[in-house]
Amino acid sequence: MKRNQITTTIKYFIAILISIIWILPFLGIVMTSIRPLQEVIYGWWNLKPFTPSMVNYINAWNHPTAPLSQGTFNSLLVALPSTLIPILAASLAAYGFARFRLSLLTSLFILVIILMALPQQMIAIPIFQLMKNLNLLNTYTGLILIHSAWGMPWIIFFLRNFFITLPIEIEESAKIDGASDFVVFSRIILPISWPALISSIVLQFMWVWSDFFLALILVYTPGKLLATQRIPLMRGQYHVDWGVLTAASIVSMIAPLFIFAFLQKYYIKGLVGWTTK
Amino acid sequence: MGLFHHRKRRKSLKTILHQLAFFLPALILMIIFLLYPVLNTLLMSFVSEDHQFVFLDNYKKVLSSKDVINQKGFTQGFPMGALPHNFLWILIHLPFTTFLGLVLAVLFKDLKYNFIFKSSIFLGMVTPMVIGGVILRFIYEKEVGIINAILELLGFQAFTWTAYPETALLSLIFGSVWLWTGFSMIIYSSGLGNIPKEYYEAAALDGATPFVIFFRITIPLLKQMTVVVITMTILWELKIFDLVYVATMGGPGGASNVMALQMYFYAFRQFNFQNASVIATLLMLLTLFVTIPLIKSSLGEER
């Protein structure tokens, strides 16, 4: 028993130590963001003097060339539809993949998995040209369409894997009573699938919010830039203004942090979804 | 359950059309914005600037470019070129994150309040990679960076790690270990939760040491998790872009350049769409190769 207690104590000690090491960089940007630059220029861990203020946050929010207020608003404007559209379309297709017996479905599903692994660079030039021809370059409509298509394969994959695990009996009996496939899907399947739907919403939102590459190539007018695009612009002209840069970083992390704090269970289920059958 | 399958009548045309409609919205979006662009990029990689079919000429050009593979670099140090840099990323980052994630998952498993430990490791996964890049610059910086402060305490000279060719790439790779370890930890944690307690109790009764239990029971039972962790991690390492863009922009002098960034330079800085398509296609081939086990396992379970 004694030996067990010692092992447990050592385990806690190592766990706490590692967690502190892991948190340290985040602590660093928080400490830098709430203090004037001259206080942290030789290390944020020097606490004398320590004068916390919100000045860096206000400066980042109202930045003269790349205000984060506008960036945050723009990011939300893109992220919300880019989350809902693919989930509506993908849940329909995922149900089809899970339940229908049509020829070609297996090959189509292989295509979906292949598209899931694609690097964004593989579509970059053609979508740039396509958006230019459609007059959608530098518009959120264009970016939302690409995000919707980009998120589709993995949401289909994830939801299809979830739908397969549902018991088929209810659907069968509803069909015998004359319900169409669509009625079965919208009245029976969707209501019992909300945990999986929330998981896909959470993950897709996180990815769209964090996206940088697609926004970088499709949106370029200063007023339209998203939050992630504005952060590299806040570096400052002659020296790096760490106060503003770290404050902006923290503001852009608020949305993902909130989601992680309150919907952690669904977020992790979504990630682990890769492993389930 | 089987009964209903036997009773199923042949489908009417109306049913088939009705069922096809389920796929329509998703298919339309994927064909226009994914499939067509992929085929277009593939085609572009095989033609010259004036639309002549040149087959592999562009590939030869790109693979002999110093930006992509720099043979001098292998003997004289960085830059070694974008492609070897990605491989180096895999070589270092993959074993570190995979193993560290597993060890942490095992360590945290039976501790009380372990969600605090798990969350602090997982924070890096929640961080957008653009911000990850800012933080890496920050911790490696000569004056404000904490890594240099610790090194100075130990008597070493402080310098900005990301600003020198010798250290730029390696500091980003190790920084990305810090950001990504949460992924393998969380996947392994959920895998550990599925292993029945009896296995461990039986092994303990037989007098197996924790070391033996770890290698003989835990690791073999997590095989499926390991496939997923390795696949997703390699995909992440091949596609890495934002982090490098923000932290070093591939510099200094290409010393931390990677494939995805090189594609961006070719396409949107030099407007050389042929070379850019070649890089993109090479990247896609690598990702496809990595995904094969995942495709096999998701089709295998269907039968």
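**Exercise 1. In this predicted model, work out how contacts in chain A are spread along the sequence, and how much of the chain is buried.**

Step 1. Take the contacts in chain A between residues at least 6 apart in sequence: 77% of them join residues at least 24 apart.

Step 2. Now turn to burial. Of the 277 residues of chain A, 47% count as buried.

**Exercise 2. Describe the elements and the overall dimensions of chain A.**

Step 1. Begin with the elements: chain A has 13 helices and 0 strands. Read from the N terminus on, the order is α-α-α-α-α-α-α-α-α-α-α-α-α.

Step 2. Next, compare the radius of gyration with the globule rule. For 277 residues the rule gives 19 Å, while chain A has 24 Å, well over that value, so chain A is more spread out than a compact globule.

Step 3. Look along the principal axes, where the C-alpha trace of chain A spans about 75 × 70 × 30 Å.

**Exercise 3. Find the domains of chain A and describe the contact between them.**

Step 1. Chain A is divided into domain 1 (2-53) and domain 2 (63-272). Their C-alpha centres lie 34 Å apart.

Step 2. Each domain of chain A has its part in the contact: 7 residues come from domain 1 and 7 residues from domain 2.

Step 3. On the side of domain 1 of chain A that touches domain 2 of chain A, helix 1 (2-33) and helix 2 (37-40) are the elements that give two or more residues. Helix 1 of chain A gives the most, with 4 residues.

Step 4. Sort the residues on this side of domain 1 of chain A by class: 5 are nonpolar, 2 are polar and no charged residue is present.

**Exercise 4. Check what the chain does in two of the spans that UniProt marks as "transmembrane region" in chain A.**

Step 1. The unreviewed UniProt entry places this feature at residues 12-34, 76-97, 104-128, 140-159 and 242-263 of chain A.

Step 2. Take residues 12-34 of chain A: the span is 96% helix and 0% strand, with its end C-alpha atoms 31 Å apart.

Step 3. Take residues 242-263 of chain A: here the chain is 100% helix and 0% strand, and the end C-alpha atoms are 31 Å apart.

**Exercise 5. Explore the largest nonpolar core, then follow one of its residues.**

Step 1. This core has 161 residues, and those that touch the most other members are A:Ala90, A:Ala93, A:Ile156, B:Ala26, B:Ile279 and B:Leu283.

Step 2. Helix 7 (residues 140-164) of chain A supplies the largest share of the core, 15 residues. Domain 1 (2-53) and domain 2 (63-272) of chain A each contribute at least three residues to this core.

Step 3. Follow A:Ala90, leaving aside its neighbours within four places in sequence. A:Ala90 is in contact with A:Met152, A:Ile155, A:Ile156, A:Leu159 and B:Ala26.

**Exercise 6. Describe how chain B meets chain A, then visit helix 10 of chain B.**

Step 1. Count both sides of the interface: 73 residues of chain B are in contact with 75 residues of chain A. On the chain B side, the largest share, 17 residues, comes from helix 2 (residues 13-44) of chain B.

Step 2. By class, this side of chain B has 57 nonpolar, 12 polar and 4 charged residues.

Step 3. Now go to helix 10 (residues 197-205) of chain B. Of its 9 residues the number buried is 0, so helix 10 of chain B lies largely in the open. Just after helix 10 of chain B, B:Gly207 takes a positive phi of about 85 degrees.

Methods. Residues numbered from 1 in each chain as written. Chains lettered and ligands numbered in written order. Predicted model: local features only at pLDDT ≥ 70, side-chain atom pairs only at ≥ 80, totals over all residues. Contact = placed C-beta atoms within 7 Å. Nonpolar A, V, L, I, M, F, W, Y, C, P; charged D, E, K, R; others polar. Buried ≥ 20, exposed ≤ 12 C-beta atoms within 10 Å, placed from the backbone. Core = buried A, V, L, I, M, F, W, Y, C linked by C-beta atoms within 7 Å. Domains from an automatic or database assignment. UniProt positions renumbered as here; feature names shortened; annotations may be inferred. Rg over C-alpha atoms; globule rule 2.2 N^0.38 Å.
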